[in-house]
Amino acid sequence: MPVAIPFGNDNIYINPGSVSIPKENSEKGYILYENRRMKFCNLEGKVYKEIEL
């Protein structure tokens, strides 16, 4: 499952999900990190969630 959850002191748990076998109707996807931003993208390249760090 695609997720980004803060925990502890300045930590973040990040899971991009699965490219091949997504669970619970989530999109097949990946994460791009650029300029202190995490971008959750589907396989077509569409950003569906963005987090600034």
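In this predicted model, the backbone nitrogen of Ser 20 lies 3.2 Å from a polar atom of the side chain of Ser 18. Ser 18 belongs to the loop between β2 and β3. Leaving aside neighbours within four places in sequence, Ser 18 is in contact with Glu 27, Lys 28 and Gly 29. A second serine, Ser 26, is found in the loop between β2 and β3 as well. The side chain of Ser 26 reaches the backbone oxygen of Lys 23 at 2.8 Å. Ser 26 also touches Met 1 and Pro 2, when residues up to four places away in sequence are not counted. With a relative accessibility of 16%, Ser 26 falls under the 20% limit and therefore counts as buried. The loop between β2 and β3 also holds Glu 24, which counts as exposed because its relative accessibility is 68%. Glu 24 has a positive phi of about 50° although it is not a glycine. For context, most residues other than glycine have a negative phi.

It is helpful to step back to the overall fold at this point. The protein chain has five strands and zero helices, so that its elements read β-β-β-β-β from the N terminus on. Along its principal axes, the C-alpha trace spans about 30 × 25 × 15 Å. Of the 53 residues in the protein chain, 17% are buried. The chain exposes about 4100 Å², and carbon and sulfur atoms supply 49% of that area. Among contacts with a separation of 6 or more, 16% are between residues 24 or more positions apart.

The strands can now be followed in order, starting with β1 and β2. These two run antiparallel and are joined by five bridges. Three residues lie between the strands in the hairpin of β1 and β2, where Gly 8 takes a positive phi near 60°. Ile 5 lies in strand β1, which covers residues 3–7, and stands opposite Tyr 13 in β2. Which residues form a nonpolar patch on the surface with Ile 5? The patch consists of Ile 5, Phe 7 and Tyr 13, and together they have about 310 Å² of accessible area. Ile 5 itself counts as partly exposed, because its relative accessibility is 44%.

Further along the chain come β3 and β4. Strand β3 (residues 29–34) and strand β4 (residues 37–42) run antiparallel, with six bridges joining them. One of the cross-strand pairs links Tyr 33 to its bridge partner Met 38 in β4. The hairpin of β3 and β4 has two residues between the strands, and Asn 35 there takes a positive phi near 50°. Asn 35 is not a glycine despite this positive phi. Asn 35 is also exposed, because its relative accessible area is 69%.

On the other side of the β4 segment in sequence comes strand β5 (residues 47–52), which pairs with β4 in the antiparallel sense over five bridges. Four residues lie between β4 and β5 in their hairpin, and Gly 45 in the turn has a positive phi of about 95°. The bridge partner of Lys 39 in β5 is Glu 50.

Charged side chains add a further layer to this part of the model, where the count comes to three salt bridges for the structure. Glu 34 forms a salt bridge with Lys 39, with the closest N and O atoms 4.0 Å apart. Both partners are partly exposed: Glu 34 has a relative accessible area of 48%, and Lys 39 has a relative accessibility of 22%. The side chains of Glu 50 and Arg 37 meet in another salt bridge, at 2.8 Å from N to O. Glu 50 lies in strand β5 and Arg 37 in strand β4, so this pair ties together parts that are 13 residues apart in sequence. Glu 50 is partly exposed at 40% relative accessible area, and Arg 37 is likewise partly exposed at 29%.

Arg 37 has a further partner in Glu 52, and the closest N and O atoms of this salt bridge are 3.2 Å apart. Because Glu 52 lies in strand β5 and Arg 37 in strand β4, this pair ties together parts that are 15 residues apart in sequence. Glu 52 is exposed, with a relative accessible area of 56%. Through shared partners, the salt bridges join Arg 37, Glu 50 and Glu 52 into one network.

Key. Residues numbered from 1 in each chain as written. Predicted model: local features only at pLDDT ≥ 70, side-chain atom pairs only at ≥ 80, totals over all residues. Heavy atoms only, no water. Pairing = 2+ DSSP bridges. Patch = residues over 30% accessible without salt bridge, like charges linked within 9 Å, V, L, I, M, F, W, Y side chains within 5 Å. Areas by Shrake-Rupley, 256 points an atom, 1.4 Å probe, with all protein chains shown as cover. Buried < 20%, exposed > 50% of the residue type's maximum accessible area, 1.4 Å probe, protein only. Polar contact = N/O pair within 3.5 Å; in protein donor to acceptor, adjacent residues only side chain to side chain. Contact = heavy atoms within 4.5 Å.
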